[in-house]
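Here's a quick briefing to go with the model you're about to open. Have a look first, then come back for the rundown.

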Amino acid sequence: MEKDQGILSAAALKMPVITNTIIKRLQKAALADLSQVRQDMRRRGMKVYEERKTRLGRGS
């Protein structure tokens with residue numbers, strides 16, 4: 001979203017303030033959702049492990 005905000009800020013929009021406000025609200029809502037999901041996962045004892053691709057294939 002930050003990339004989109006930068007692109008839209010550089011564009012000649014009629015209402016850049018409204019566009020920036022909407023993007024900031026979307027970012028805030030997405031962060032709140034992610035935070036809630038993480039809390040729920042911790043409460044339920046769920047863990048997520050990062051998977052990395054190596055030269056030999058996938059591993060954790």
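**Quick rundown**

The chain is built from two helices and two strands. Keep in mind that this is a predicted model. Going along the sequence, the elements come in the order α-α-β-β. With a radius of gyration of 18 Å, well over the 10 Å that the globule rule gives for 60 residues, the chain is more spread out than a compact globule.

**Overall dimensions**
- If you line the C-alpha trace up with its principal axes, it spans about 50 × 35 × 5 Å.

**Burial and surface**
- Just 5% of the 60 residues in the chain count as buried.
- The accessible surface of the chain adds up to about 6,000 Å².
- Carbon and sulfur atoms account for 56% of that accessible surface.

**A nonpolar patch**
- Which residues form a nonpolar patch on the surface? They're Met1, Met15, Ile18, Ile22 and Leu26, and together they have about 500 Å² of accessible area.
- One of them, Ile22, sits in helix 2, which covers residues 16–44.
- Ile22 has 47% relative accessibility, so it counts as partly exposed; the cut-offs here are under 20% for buried and over 50% for exposed.

**Charges**
- The chain carries 14 positive and 6 negative charges.
- How far apart are the mean positions of the positive and negative charges? They're 1 Å apart.

Conventions:
Residues numbered from 1 in each chain as written. Predicted model: local features only at pLDDT ≥ 70, side-chain atom pairs only at ≥ 80, totals over all residues. Heavy atoms only, no water. Patch = residues over 30% accessible without salt bridge, like charges linked within 9 Å, V, L, I, M, F, W, Y side chains within 5 Å. Areas by Shrake-Rupley, 256 points an atom, 1.4 Å probe, with all protein chains shown as cover. Salt bridge = Lys/Arg side-chain N within 4 Å of Asp/Glu carboxyl O. Helix = DSSP H or I, 4+ residues; strand = E, 2+ residues; numbered from the N terminus. Buried < 20%, exposed > 50% of the residue type's maximum accessible area, 1.4 Å probe, protein only. Rg over C-alpha atoms; globule rule 2.2 N^0.38 Å. Lys, Arg positive; Asp, Glu negative; His and termini not counted. Charge placed at Lys NZ, Arg CZ, Asp CG, Glu CD.
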